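Please open the model in your viewer and keep the sequence panel at hand. The tour below proceeds by selection, with a short account of what is found at each stop.

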Amino acid sequence: MTPRQRRLTLVIGILAGVSIAGALALTAFRENVTFFFDPSQVVQGKVTDGEHFRLGGMVSKGSIQRAPGSLEVRFLVTDFAHEVPVSYTGVLPDLFREGQGVVANGRLVNGTFVAEEVLAKHDEKYMPPEVARSLNRPLYRWHIKST
């Protein structure tokens with residue numbers, strides 16, 4: 001094998017290694033990405049059963065149902081156009097209540113969102129940007145006046 005052929009083989013080997021490493025990195029990144037959807041997008045079928053994602057919106061008034069003697073809670077999340085039923089087993093945040101913003105992580109199973117984690121709005125003036133956009137409301141932010 002001539003020196004030129006050895007260099008060509010080395011370059012091809014390096015390119016193949018970098019390509020394989022890049023493909024593995026992209027695959028790992030894609031598996032760890034969690035997308036955000038609002039109830040309208042879920043109802044429109046933009047999410048498939050079993051896919052992990054974040055659901056955001058408002059807890060519908062009168063929708064919270066607690067199973068006696070367990071930590072299971074069922075409620076509806078709405079964007080005021082559509083509603084998605086949510087099932088969660090665990091301790092809810094103290095600020096969780098009807099009419100408040102919520103973001104839940106989990107999966108869609110037979111039309112019901114099975115939450116693994118529920119996050120409630122933590123401040124009167126703040127709403128997660130994704131929830132604000134999905135509800136077509138202005139995003140509240142703190143404004144600092146300069147003096």
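Begin with the whole chain, which is a predicted model. Of its contacts with a separation of 6 or more, 51% are between residues 24 or more positions apart. The chain has 147 residues, and 31% of them are buried. About 10,200 Å² of the chain is exposed, with carbon and sulfur atoms supplying 57% of that area.

Next, colour by secondary structure. Three helices and seven strands should appear. Read from the N terminus, their order is α-β-α-β-β-β-β-β-β-α.

**Stop 1: strand β6 and its partners**

Select residues 101-109, which form strand β6. Seven of these nine residues are buried, so the strand is largely enclosed by the rest of the structure.

Now add residues 52-59, strand β2. This strand pairs with β6 in the antiparallel sense, over seven bridges. To find the register, select Phe-53, which stands opposite Gly-106 in β6.

Then add residues 112-120, strand β7. Strands β6 and β7 also run antiparallel, and eight bridges join them. Here Val-103 is the residue to select, with Leu-119 of β7 opposite. When viewing these strands, recall that in a regular strand the side chains alternate between the two faces of the sheet.

**Stop 2: two loops with positive phi values**

Move to the loop between β6 and β7 and select Asn-110. The hairpin formed by these strands has two residues between them. Asn-110 has a positive phi of about 50° although it is not a glycine. Is this residue buried or exposed? Asn-110 has a relative accessible area of 69% and is therefore exposed, the cut-off being over 50%.

For a second example, select Phe-80, in the loop between β4 (72-78) and β5 (83-89). Its phi is positive as well, near 70°, and Phe-80 is likewise a residue other than glycine. At 55% relative accessibility, Phe-80 counts as exposed.

**Stop 3: the nonpolar core**

Display side chains for Val-42, Phe-53, Leu-55, Phe-75, Phe-113 and Val-118. Within the largest nonpolar core, which has 20 residues, these six touch the most other members. Strands β2, β4, β5, β6 and β7 each supply at least two residues of this core.

Centre the view on Phe-113 and show its surroundings. Which residues does Phe-113 touch, leaving aside those up to four places away in sequence? Among them are Phe-53 and Leu-55, together with Val-84, Pro-85, Val-86 and Ser-87. Phe-113 also touches the run Ala-104, Asn-105, Gly-106, Arg-107 and Leu-108.

**Stop 4: a buried loop residue**

Select Ser-60, in the loop between β2 and β3 (65-66). Ser-60 has a relative accessible area of 7%, and because buried means under 20%, it counts as buried. Beyond residues up to four places away in sequence, Ser-60 touches Leu-76, Thr-78, Glu-83 and Glu-98.

**Stop 5: a nonpolar patch on the surface**

Finish at helix α1, residues 3-32, and select Ile-14 within it. At 49% relative accessibility, Ile-14 counts as partly exposed. Add Leu-10 and Val-18 to the selection and switch on the surface: with Ile-14, these residues make a nonpolar surface patch of about 300 Å².

Technical notes
Residues numbered from 1 in each chain as written. Predicted model: local features only at pLDDT ≥ 70, side-chain atom pairs only at ≥ 80, totals over all residues. Heavy atoms only, no water. Patch = residues over 30% accessible without salt bridge, like charges linked within 9 Å, V, L, I, M, F, W, Y side chains within 5 Å. Areas by Shrake-Rupley, 256 points an atom, 1.4 Å probe, with all protein chains shown as cover. Salt bridge = Lys/Arg side-chain N within 4 Å of Asp/Glu carboxyl O. Helix = DSSP H or I, 4+ residues; strand = E, 2+ residues; numbered from the N terminus. Buried < 20%, exposed > 50% of the residue type's maximum accessible area, 1.4 Å probe, protein only. Contact = heavy atoms within 4.5 Å. Pairing = 2+ DSSP bridges. Core = buried A, V, L, I, M, F, W, Y, C linked by side-chain atoms within 4.5 Å.
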